[in-house]
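Q: Please take a close look at one part of this structure. Pick a residue, follow its contacts, and then show me what lies around it.

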Amino acid sequence: MSPQDVETLLETIPDVRDGLTRTERIILYVLQETQRELNGRNVPTVMLYGRVQEYVNLSEAELNLYLDRLGVSGD
């Protein structure tokens with residue numbers, strides 16, 4: 001099994017602890033940290049997207065799908 005195969009496997013299988021994939025966990029972590037920086041205010045999706053891009057390569061549409069699946073919604 002190549003390192004790329006392992007990475008793909010880790011991304012697609014939810015963690016047994018909480019059912020989140022690696023990308024979902026990163027998104028929630030970045031969201032929490034950004035909210036903390038903004039003193040609890042809502043985080044603009046564009047800002048979140050830019051920060052998530054530092055960890056994971058995904059499109060804006062993919063981020064929106066993850067946010068929908070996680071139940072994160074904007075006002």
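A: What follows starts at Glu-24 and works outward through the predicted model.

Begin with the place of Glu-24. This residue sits in helix H2, which covers residues 22–37. Is Glu-24 buried or exposed? Its relative accessible area is 6%. Buried means under 20%, so Glu-24 is buried.

Next, the contacts. Set aside the neighbours within four places in sequence. Glu-24 is then in contact with Gly-19, Tyr-66, Arg-69 and Leu-70. Arg-69 deserves a second look. The side chain of Glu-24 makes a polar contact with the side chain of Arg-69, at 3.0 Å. These two side chains also meet in a salt bridge, 3.0 Å from N to O. Where are the two partners? Arg-69 is in helix H4, residues 60–70, while Glu-24 is in helix H2. The pair therefore ties together parts that are 45 residues apart in sequence. The two ends of this bridge also have contrasting surroundings. Glu-24 is buried, whereas Arg-69 is exposed, with a relative accessible area of 56%.

Now look just before helix H2. Thr-21 is in the loop between H1 and H2. Thr-21 is buried as well, at 9% relative accessible area. Which residues does Thr-21 touch, not counting residues up to four places away in sequence? They are Glu-11, Thr-12, Pro-14 and Tyr-66. Tyr-66 is a name to remember here. Tyr-66 is in contact with Glu-24, and Thr-21 touches Tyr-66 too.

How many salt bridges does the structure hold? There are 5. Glu-24 and Arg-69 form one of them. Follow helix H2 further along to meet another. Glu-33 and Arg-36 join their side chains in a salt bridge of 2.8 Å, N to O. Both residues lie in helix H2. They are 3 residues apart, about one turn of the helix. Glu-33 is partly exposed, with a relative accessible area of 25%.

Helix H2 has one more bridge to show. The side chains of Arg-51 and Glu-37 meet in a salt bridge, 2.9 Å from N to O. This pair links distant parts of the chain. Arg-51 lies in helix H3, residues 45–52, and Glu-37 lies in helix H2, with their positions 14 residues apart in sequence. Glu-37 has 52% relative accessibility and counts as exposed. Arg-51, at 25%, counts as partly exposed.

Step past the end of helix H2. Asn-39 is in the loop between H2 and H3. What is unusual about its backbone? Most residues other than glycine have a negative phi. Asn-39 is not a glycine, yet its phi is positive, about 55°. Asn-39 is exposed, with a relative accessible area of 70%.

Turn now from charges to nonpolar residues. The largest nonpolar core has 13 residues. Which members touch the most other members? Ile-27, Leu-48, Val-52 and Leu-58 do. H2, H3 and H4 are the elements that give two or more residues to this core. H2 supplies the largest share, 4 residues. Val-52 gives a view of the packing. Leaving out residues up to four places away in sequence, Val-52 touches Ile-27, Val-30 and Leu-58. Two of these, Ile-27 and Leu-58, appear alongside Val-52 among the members that touch the most others.

Nonpolar residues also occur on the surface. Met-1, Val-6, Leu-9, Leu-10 and Ile-13 form a nonpolar patch there. Together they have about 500 Å² of accessible area. Ile-13 has its place in the loop between helix H1, residues 3–12, and H2. At 45% relative accessibility, Ile-13 counts as partly exposed.

Finish with Ser-73, in the segment after H4. At 65% relative accessibility, Ser-73 counts as exposed. How far is Ser-73 from Ile-13? Their C-alpha atoms are separated by 24 Å, and the two residues are 60 residues apart along the chain.

Back to the start, then. Glu-24 is buried, and its side chain meets that of Arg-69 in a salt bridge. That bridge ties together parts in H2 and H4. H2 and H4 also both give residues to the largest nonpolar core.

Methods:
Residues are numbered from 1 along each chain as its sequence is written. This is a predicted model: local features need pLDDT of at least 70, side-chain atom pairs count only at pLDDT 80 or more; totals for chains, interfaces and linings use all residues. Side-chain values use heavy atoms; hydrogens and water are left out. Buried means under 20% relative accessible area, exposed over 50%, partly exposed in between (1.4 Å probe, protein chains only). A polar contact is a pair of N or O atoms within 3.5 Å; within protein, one must be able to donate a hydrogen and the other to accept it, and residues adjacent in sequence count only if both atoms are side-chain atoms. Contact means heavy atoms within 4.5 Å. A salt bridge is a side-chain nitrogen of Lys or Arg within 4 Å of a carboxyl oxygen of Asp or Glu. Patches are made of residues with over 30% relative accessible area and no salt bridge: like charges are joined within 9 Å, nonpolar side chains (Val, Leu, Ile, Met, Phe, Trp, Tyr) within 5 Å. Accessible areas come from the Shrake-Rupley method with a 1.4 Å probe; for residues, only the protein chains shown count as cover. A nonpolar core is a set of buried Ala, Val, Leu, Ile, Met, Phe, Trp, Tyr and Cys residues joined through side-chain atoms within 4.5 Å.
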